[in-house]
Amino acid sequence: MIKGLSRFIKAIHLGGDLLLLNFSFLVSYILRFHKNPLESINDHYIFLHLSFNFIWLILVLLLKIYNIERVIRLESIIFNLAKTIFLHATLVFSFIVSINAFYYSRRQLLYTYLIFTITIITWRFGAIYLLKLFRSIGGNYRNVVIVGAGAVGNQIYNYIKHDIASGYKFAGFFDDH
């Protein structure tokens, strides 16, 4: 079995997020200006594009949104993403105002955040679904030993037994009996 893939999950999420952030920026540029950004983007937008990436990296490091637990609620994922995107937008707009760069298109920025929000939530749900699917066939698991075979220990055992997608593999009980 493939074990120990948890260390790559953060890198996969970061890579996917940055890919979607850049994709959203470039698609919104095309929608707003009807030009190929790879051929006609000006220096101001290249600087903004780099700033988008830099600010995203700083935020994910500070907010630790890639510290993903084995059992996490979808509401928590959406809340963390919404919080990070809101802070990103706030920092980008504050940056634009602080350098008096009012020549950036507000419509392009709005398109970027709309596309990014939709794609990142879809990406994150898809990645979690694939991870759960991978865990349900026996990959990326952690061995678990339950201390105590009483009522609470049995509840934990039943949870592990019935939710194989959480990635826990029951190894046994430690108990006096």
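Which residues of H5 are buried? Before answering, keep in mind that the model on screen is predicted.

Select helix H5, residues 106-136, and begin with its ends: the end C-alpha atoms lie 45 Å apart, which agrees with the 45 Å that its 31 residues should span at 1.5 Å a residue. Colouring by burial then answers the opening question, since the buried residues of H5 are Gln108, Leu109, Thr112, Tyr113, Ile115, Phe116, Ile120, Arg124, Ala127, Ile128, Leu131 and Arg135.

Move next to the start of H5, where a side-chain oxygen of Ser105 comes to within 3.4 Å of the backbone nitrogen of Arg107. Beyond the other end of the helix, select Gly138, which follows H5 and has a positive phi, near 105°.

Now return to Phe116 and Ile120 of H5 and display the largest nonpolar core, a set of 27 residues in which these two, together with Leu48, Phe52, Trp56, Val92 and Ile96, touch the most other members. Helices H1 (6-33), H3, H4 (74-98) and H5 each supply at least two residues of this core, and H3 gives the largest share, with 7 residues.

Finally, stay with helix H3, residues 43-63, and select Ile58, which is found in it. With a relative accessibility of 35%, Ile58 counts as partly exposed, because that class lies between the buried limit of under 20% and the exposed limit of over 50%. Adding Phe54 and Leu62 to the selection shows a nonpolar patch on the surface, in which these two and Ile58 together have about 330 Å² of accessible area.

Notes. Residues numbered from 1 in each chain as written. Predicted model: local features only at pLDDT ≥ 70, side-chain atom pairs only at ≥ 80, totals over all residues. Heavy atoms only, no water. Patch = residues over 30% accessible without salt bridge, like charges linked within 9 Å, V, L, I, M, F, W, Y side chains within 5 Å. Areas by Shrake-Rupley, 256 points an atom, 1.4 Å probe, with all protein chains shown as cover. Salt bridge = Lys/Arg side-chain N within 4 Å of Asp/Glu carboxyl O. Helix = DSSP H or I, 4+ residues; strand = E, 2+ residues; numbered from the N terminus. Buried < 20%, exposed > 50% of the residue type's maximum accessible area, 1.4 Å probe, protein only. Expected span 1.5 Å × (residues − 1). Polar contact = N/O pair within 3.5 Å; in protein donor to acceptor, adjacent residues only side chain to side chain. Core = buried A, V, L, I, M, F, W, Y, C linked by side-chain atoms within 4.5 Å.
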